[in-house]
Amino acid sequence: MLTALAAFRPCGGHAASFAVKDLQVLGRAIAFLQSPPGSDAVIAIAYVPGDAASRRDAEDILALIGAGLQAGRVTLRPRLVDINNLSAAGATIVIAAAGAAGPRLSEATRATHALCVTTDTEAVRAGFCTMSITTEPLVKILINHAVAEAAGVEFVTAFRMMIKEM
Amino acid sequence: MTRAIQSIGAIGLSMLAGAVPARAQSVDYQAMEQLFGEPVTTSVTGKPQRAAEAPANIEIITQDDIRRSGATTIPDVLAFVTGVDVRTYGLGAQDVGIRGYNQASNPRIMVLINGRQVYMVDYGRIVWESLPVQLTEIRQIEVVKGPNSALYGFNAAGGVINIITYDPLKEQVNLASLGGGTQDFLTGSAVGTAKIGDTAGLRLSAGGFNAQDFAPGPLNKTDVLTRQSPFDGNFNADGRWQITPRIEAILEGSYGTSRESHPTPATYFDTEQIHQWSLRVGVNADTPIGILSLSAYRNQVGLDAYLINPFTLKPVNGYEQQTVTAVEVSDLLKIGTDHTVRGGLEFRQNADQSSQVGGRLADADYAASLMWDWQITPAVTATNAVRIDHDEVSFSGTPATVAGLTATTFNSAHIDAPSLNSGVVWKATDADTFRFTLARGVQLPTLAQQGLQILPGTSGPVGYFGNPDLLPSITWNAEIDYDRSLPAISSVLRTALFLQRTDDVIASFFAGPLTILRDGVAYRLADNVGYTTAEGFEIGIKGHSGSGWRWNLSYALAETTNHTGLDAGGVILSGQLYAHSVPEHVVVAGIGYTFEKYEADLMARWQSSFLDVRSPPTPGPLVLVSVDNYVTLNARIAYRVIDNVTVALVAQQLNAPSLITTGGAPQERRLIASVTARF
């Protein structure tokens, strides 16, 4: 079932940077935050204003989640957010749409103590985002410890032992 | 006692309910398994990790595997694990060995239920049927092959079997099951989970079986006298409380009684009725200085034994009171991004009070351990673990001066023994994993080996005595593993090559190599006797398809050599044969299919011949028995009648009405029908 869902992409001839399986892993991973969301987790999908590709990717991710996506004990509730308005959005979990992971996002998530999530491992290595998720062929999670610490994002110890940190 | 535990649990649950929201804070097996898509274990290093990344050869048997096996005992499940040997002497009377070593009352493996060690202190053996756990409440069974003493201490010299039950705080299991079959087998079990608010959970389980095992026909005289119909009944309570989001408390208690006929290390069958209870309290706290864990437990066993003196064929009744008291503290800490360390301290006291040891004999073990796990690169991890055990013997009672034993002899005995586990895991690609491990396992002498006192004339003309000056037996194990995932066929291929050497092998008092005359008295003394080696190879593939098929096929080679002198002169003194005492070649195969409401599985195990011993039909020395190679074929078919009710039919040893599988009586085919309702 999960495999079938993972293969699902919104119509339009392009692939979203997140697949359903990535979002499922995201939903399960945030349950291991020291301050986890409740059963409903508001997720900001951050895009770069004026960047059509970024906006389209954000809308594709929004379409994948729909009104809500159940992932473990959490239901993801999505909200499209202009990267410049992240502070006002008040979300503590931010998905970086294509092109969004950069200094501005890094600064915004640090200021709002939000967890930034991407599927782009290099963005995490560069310090623009906190956590990257890849799910094929294996589930792999990479966390930039310095970025997490700067944003005050903390995971439970057992989870930190299960993933890679840098 | 049980009522008291229930009352205390209920009060505690009521007080804590609704205080704070429950959430993952230590090791949430369910959430982590669902997140990473594969089972998670803490059995190898103490830290949570994917089984594939653990620095040891580990097999994880899931609840699905257990259910589909149709097994009625844990050893029946383990019999289809590559590299595991199971000897079945009768219903519930079984011994489990890993990689080349197995014997009656095998002391070389460590078995735990949620971290509580469940060995008997007399011989370090496991009485499997008395374990207070229902198969249906087991989340997974983790089998670590090879020594893991640096984490668990003695008895883990051959391997570790860790039984993990469902977490009542996070997982709801509510079911009842009834079954019956041939050999007048009747079994039932029930598991219920209550969750109070979001912060407390309590799981209660009870179950047991009753059967008429063997017809007297195939049994020899001593076996006929000792073997009685086996039964088992036990109750278990498991409570968890999330005191704060970062602190979890655990309270577990169990009570059980069972009767089984099982061979002693001397291979004579001994019918024991066991009354056991246990109580464990624990706290896990996720703190800025790591996960702090405290666990304290006590196991108590009252044992009524009924055995036959092999020299006079007269019954002998015995009574023992065995206790294990353990306190363990540990800190598991991630330092920076690449280092995880675990420090642990442990106090453990084993005590045996019986006429067999002439009073009360106890071991007090003080241990300190340290594990360091270093993520050298994203693909390479190195793990090193060391543990030091300091063991002191104490005795109060009447020592057998005839064997030169005095209270001072016992009370001055002590052992200091280091253990080691090292491993490097290299994930060469996402599909390829190499594992290189080296281990030094320690097997401390058991209480019986240190202090048994059977005076001359009690069991024949010769006396048998333990030896408080025994050295620990040391097992070195070197291993190379290679695993490859095969996504094209949804399978994983696993291989292992291992070399093992065990020094200072502890020969039981029945097998002590010397018959010494002192003051005109002959006796045998437990002793350290030479060494044994084992080498082997394992290869196996396991997979499943999206269409409902599943399969597994494996081959295991384990060759042991014996340099103990125990079989010198062709006189067999005990079941400690070592060379050829387990089958060298084993092939396990299985295929299963799930379609709509049906679930069908077929499992086969072929093993080559091996040597065992058995008690003679008349007074005299033990008899060497060659057990021919044989195939066991088990089948299970289940049908979901309605959403929450399943009926199943299981055939064990479907291919043969009777098979000789040990030196004991032949095992009979078993047919079992069951119905399970889930709520």
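Reader: Which residue of β4(A) does A:I45 stand opposite?

Author: A:I45 stands opposite A:I95 in β4(A). This is a predicted model.

Reader: What makes β1(A) and β4(A) a pair of strands?

Author: Two strands pair if there are at least two bridges between them. Strand β1 (residues 40-47) and strand β4 (residues 93-96) of chain A are joined over four bridges, so the cut-off of at least two is met. The sense of this pairing is parallel. A:A46 takes part as well: in β4(A), its bridge partner is A:A96.

Reader: Which bridge partner does A:A46 have in β3(A)?

Author: In β3(A), the partner is A:V81. β1(A) and β3(A) also pair in the parallel sense, over eight bridges.

Reader: Why is β1(A) called mostly covered?

Author: A residue is buried if 20 or more other C-beta atoms lie within 10 Å of its own. Six of the eight residues of β1(A) are buried, and therefore the strand is described as mostly covered.

Reader: How do you know which strands of chain A stand at the edges of the sheet?

Author: Follow the order of the eight strands in this open sheet, β2-β3-β1-β4-β5-β6-β7-β8 of chain A, where the pairing is mixed. β2 (69-71) and β8 (164-165) each have a single partner strand, so one side of each is left without a neighbour in the sheet.

Reader: Which helix of chain A packs on the sheet, touching β1?

Author: Helix α3 (residues 52-65) of chain A does, touching β1, β2, β3 (74-82) and β4 of chain A. The direction of α3 makes about 160° with that of β1(A).

Reader: Let's turn to the contact between the chains. How many residues does it take from each chain?

Author: Chain A gives 20 residues and chain B gives 23. On the side of chain A that touches chain B, the elements giving two or more residues are α2 (20-29), α8 (157-162) and β8. Helix α8(A) gives the most, with five residues. By class, this side of chain A has 13 nonpolar, three polar and four charged residues.

Reader: Why are α2(A) and α2(B) called roughly parallel or roughly antiparallel?

Author: The axes of α2(A) and helix α2 (residues 29-36) of chain B cross at roughly 155°. Angles over 145 degrees count as roughly antiparallel, and therefore these two helices are roughly antiparallel to each other. Their axes come within 9 Å, and the crossing is left-handed.

Reader: Which residues make the contact between those two helices?

Author: From α2(A) come A:V25, A:R28 and A:A29, and from α2(B) come B:A31, B:Q34 and B:L35. By class, the residues of this contact are four nonpolar, one polar and one charged.

Reader: And chain B itself? How many helices and strands are there?

Author: Chain B has eight helices and 41 strands. Of its 679 residues, 53% count as buried.

Reader: What makes β6(B) and β9(B) a pair?

Author: Five bridges join strand β6 (residues 109-113) to strand β9 (residues 159-165) of chain B, so the cut-off of at least two bridges is met here too. The two strands run parallel, and in β9(B) the bridge partner of B:M110 is B:V160.

Reader: Which strands stand at the edges of that sheet?

Author: The order in this open sheet of five strands is β3-β8-β9-β6-β7 of chain B, with mixed pairing. β3 (57-62) and β7 (116-117) stand at the edges, because each has a single partner strand.

Terms used
Residues numbered from 1 in each chain as written. Chains lettered and ligands numbered in written order. Predicted model: local features only at pLDDT ≥ 70, side-chain atom pairs only at ≥ 80, totals over all residues. Contact = placed C-beta atoms within 7 Å. Axes fitted to C-alpha atoms, helices over the stretch in contact; angles between N-to-C directions. Nonpolar A, V, L, I, M, F, W, Y, C, P; charged D, E, K, R; others polar. Parallel < 35°, antiparallel > 145°, perpendicular 65-115°, else oblique. Left-handed = near helix turned anticlockwise from the far one by under 90°. Buried ≥ 20, exposed ≤ 12 C-beta atoms within 10 Å, placed from the backbone.
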